[in-house]
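User: I have a structure open and want to go through it with you. Can we start with the overall layout and then move to the details?

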Amino acid sequence: MKKFFLLALFLFSVPVFSQITGLSGWNIVLDPGHSQQENMGIYNYPEAMKNLYVAKHLQAFLLDSTDIDTVYLTRSDSLVIVGLSQRSDYANSIGAAWFHSIHSDAGAASSNTTLLLWGQYANGLEKVPNGGKAMSDIMIGNLTKGMRTSTSRGSIGDCTFYGCTSGGPYLSVNRLTNMPSELSEAGFHTNPMQNTLNMNYEYKRLEAKTFWWSIIKFKGANRPYPGIMAGKITDSESGQQINGAIITVDGRTYKTDTYQSLFHNYTTDSTLLRNGFYYFERVPGGNQQITVSAPGYETYIGNVAMSDTFFTFKDVQLGNITPPYIAESIPAAGDSLSPGLKNIQITFSRPMDVASVNSAISFNPPVAGTTTTWGGSDRILTITTANMTPSTQYTLLIQATAKDKFNHPLDGDGNGIGGDAYALNFRTKIPDFIAPAVITSYPWGYRQFMIRDLSST
Ligand SMILES: [Zn+2]
């Protein structure tokens with residue numbers, strides 16, 4: 001929490017943008033949906049917490065950058081319990097000009113849609129006083145584009161969305177408030193990726209920015225230069241987000257979340273969570289250099305043209321420089337196999353350049369006519385053994401000329417440095433084609449059978 005405070009001081013205290021006008025004589029109630037730790041996300045980050053910080057950021061954006069009269073919150077911490085009707089009662093009691101309720105959705109883990117719901121009567125007409133629909137129509141585009149979700153359910157009247165047979169509006173916060181109102185659903189907290197993004201402090205600023213831009217547009221003001229660069233850092237092979245990547249833009253750095261910095265709050269599994277998310281504000285216009293580095297990866301240096309009108313999204317895929325090594329072998333080193341019955345199987349740590357591996361394989365003593373097959377997205381190599389001599393000590397050699405798909409030479413001895421061969425010593429078993437038979441017989445007539453198993457000796 002101390003980190004948040006320091007960051008907030010830094011982000012809010014430097015006056016860069018001139019004041020946006022057109023909001024004087026107007027105010028809004030921001031309603032962070034739910035209370036305390038309600039509506040737990042799939043990875044233990046609650047919707048209620050996300051909503052609270054989006055509201056706080058949005059309140060700060062409006063108060064700091066515009067001539068708005070004031071911004072009220074229906075709750076300002078995660079301790080109080082605020083009931084549904086208390087929210088509208090509060091807005092009505094202060095005669096607020098507008099009401100916006102901040103939420104996220106729940107459902108299938110694969111779902112992550114955006115949705116704006118404005119007050120609507122069962123007859124299909126918009127709630128009076130009007131305005132929620134027009135505001136929702138602006139918000140839905142900015143929210144969906146800002147969250148980079150592929151799907152949106154749109155800006156919809158709540159009676160159309162939920163189905164009302166009479167009365168309406170359907171949602172309490174739309175039905176019971178005396179002023180124009182709407183409710184936003186920013187993705188699904190039950191979606192693994194979205195829930196992990198929601199944990200990130202700046203990601204909640206991103207959501208708040210989309211509402212801030214929408215509100216000032218609705219009030220007739222022009223959007224100032226955004227100056228925001230954001231994106232995700234992923235592994236170019238696996239597509240997985242990278243924890244602890246360092247992004248440098250305009251002389252400032254941002255480190256993507258790690259288990260130590262954030263995720264330990266929500267899981268005891270140090271490898272479970274990752275979002276690869278970064279976010280910079282107050283980035284000057286024009287072309288900006290971006291540098292991204294992470295342990296075990298090639299450093300990326302690129303140029304980004306800053307958008308004059310929206311977030312500048314720049315995703316970076318980093319190439320893993322860990323050289324490929326042998327993760328597993330069958331047989332294990334020093335073990336044995338039955339030639340022709342068991343093949344050799346070598347599992348590499350990453351996808352390999354098949355041709356370079358095939359031409360790097362040899363046996364000592366030599367074996368004629370072995371064939372290779374590949375599986376596991378070119379990570380698992382199988383070598384036939386039918387032509388091997390039984391009861392013989394062999395060495396399989398894979399030369400350092402074997403490479404992965406990104407041209408990193410084999411780390412045969414697995415010491416983290418590429419460019420050395422791999423050697424697997426094993427022996428072939430005695431031929432074993434004898435059918436199960438009686439091998440001992442005792443004089444008193446008792447017979448003991450020993451069944452010989454072809455697959456293990
Ligand atoms: Zn909600």
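**Layout and contacts**

Analyst: In this predicted model, the C-alpha centres of domain 1 and domain 3 lie 58 Å apart.

User: What are the bounds of the domains in the assignment?

Analyst: The domain assignment gives domain 1 as 2-223, domain 2 as 225-321 and domain 3 as 326-428.

User: OK, the zinc ion. Which residues coordinate the zinc ion?

Analyst: His-34 through NE2, Glu-47 through OE (listed twice) and His-103 through ND1, at 2.1 to 2.7 Å.

User: What are the angles like at that site?

Analyst: They run from 52 to 146° among the four donor atoms, and the site is irregular. A tetrahedral site would need all angles between 85 and 135 degrees.

User: And the spacing of the donors along the chain?

Analyst: The spacing is H-x12-E-x55-H. Glu-47 lies in helix α2 (residues 47-65) and His-103 in strand β3, so this pair ties together parts that are 56 residues apart in sequence.

User: Are Glu-47 and His-103 buried or exposed?

Analyst: Both Glu-47 and His-103 are buried.

User: Switching to salt bridges. How many are there?

Analyst: The count comes to 10 salt bridges. One of them joins Asp-105 and Arg-153, with the closest N and O atoms 2.5 Å apart.

User: Where do Asp-105 and Arg-153 sit?

Analyst: Asp-105 is in strand β3 (residues 99-105) and Arg-153 in strand β5 (residues 152-157), so the bridge links distant parts of the chain, 48 residues apart. Asp-105 counts as buried because its relative accessibility is 12%, under the 20% limit. Arg-153 is partly exposed, with a relative accessible area of 34%.

User: What does Glu-281 pair with?

Analyst: Glu-281 forms a salt bridge with Arg-205, and their closest N and O atoms are 2.7 Å apart. Glu-281 is in the loop between β10 (277-280) and β11 (287-293), while Arg-205 is in helix α8, 76 residues apart. Glu-281 and Arg-205 are both buried.

User: And Asp-378 with Lys-405, what's the N to O distance?

Analyst: It is 2.8 Å for the salt bridge between the side chains of Asp-378 and Lys-405. Asp-378 lies in the loop between β19 (372-375) and β20 (380-383) and Lys-405 in the loop between β21 (393-398) and β22 (422-428), so the bridge ties together parts 27 residues apart in sequence. Asp-378, at 24% relative accessibility, counts as partly exposed, and Lys-405 counts as partly exposed at 45%.

User: Which residues are linked in a network of salt bridges?

Analyst: Glu-237, Arg-350 and Asp-404 are linked in one.

User: Now the nonpolar side. How many residues are in the largest nonpolar core?

Analyst: The largest nonpolar core has 56 residues, and those with the most contacts inside it are Ile-28, Leu-62, Ile-215, Ile-233, Ile-247 and Ile-290. Helix α8 (residues 201-218) gives the most to this core, with eight residues. This core draws at least three residues from each of domain 1 and domain 2.

User: Is there another core apart from it, and which residues are among its members?

Analyst: Another core, of 22 residues, lies apart from it, and among its members are Ile-326, Val-357, Leu-396 and Ala-402.

User: Back to Ile-247 for a second. What does Ile-247 touch?

Analyst: Leaving out residues up to four places away in sequence, Ile-247 touches Ile-233, Arg-252, Thr-253, Tyr-254, Thr-256, Tyr-278, Phe-280, Ile-290, Thr-291 and Val-292.

Conventions. Residues are numbered from 1 along each chain as its sequence is written. This is a predicted model: local features need pLDDT of at least 70, side-chain atom pairs count only at pLDDT 80 or more; totals for chains, interfaces and linings use all residues. Side-chain values use heavy atoms; hydrogens and water are left out. A nonpolar core is a set of buried Ala, Val, Leu, Ile, Met, Phe, Trp, Tyr and Cys residues joined through side-chain atoms within 4.5 Å. Buried means under 20% relative accessible area, exposed over 50%, partly exposed in between (1.4 Å probe, protein chains only). Helices (H or I, at least four residues) and strands (E, at least two) are DSSP runs, numbered from the N terminus. Domain bounds come from an automatic or database domain assignment. Contact means heavy atoms within 4.5 Å. A salt bridge is a side-chain nitrogen of Lys or Arg within 4 Å of a carboxyl oxygen of Asp or Glu. Donors are N, O and S atoms within 2.8 Å of the metal (3.2 Å for Na, K and Ca); water is not among the atoms, so sites may look incomplete. Four donors count as tetrahedral if all angles lie between 85 and 135 degrees; four count as square planar and six as octahedral if opposite donors are over 155 degrees apart and all others between 65 and 115; anything else is irregular.
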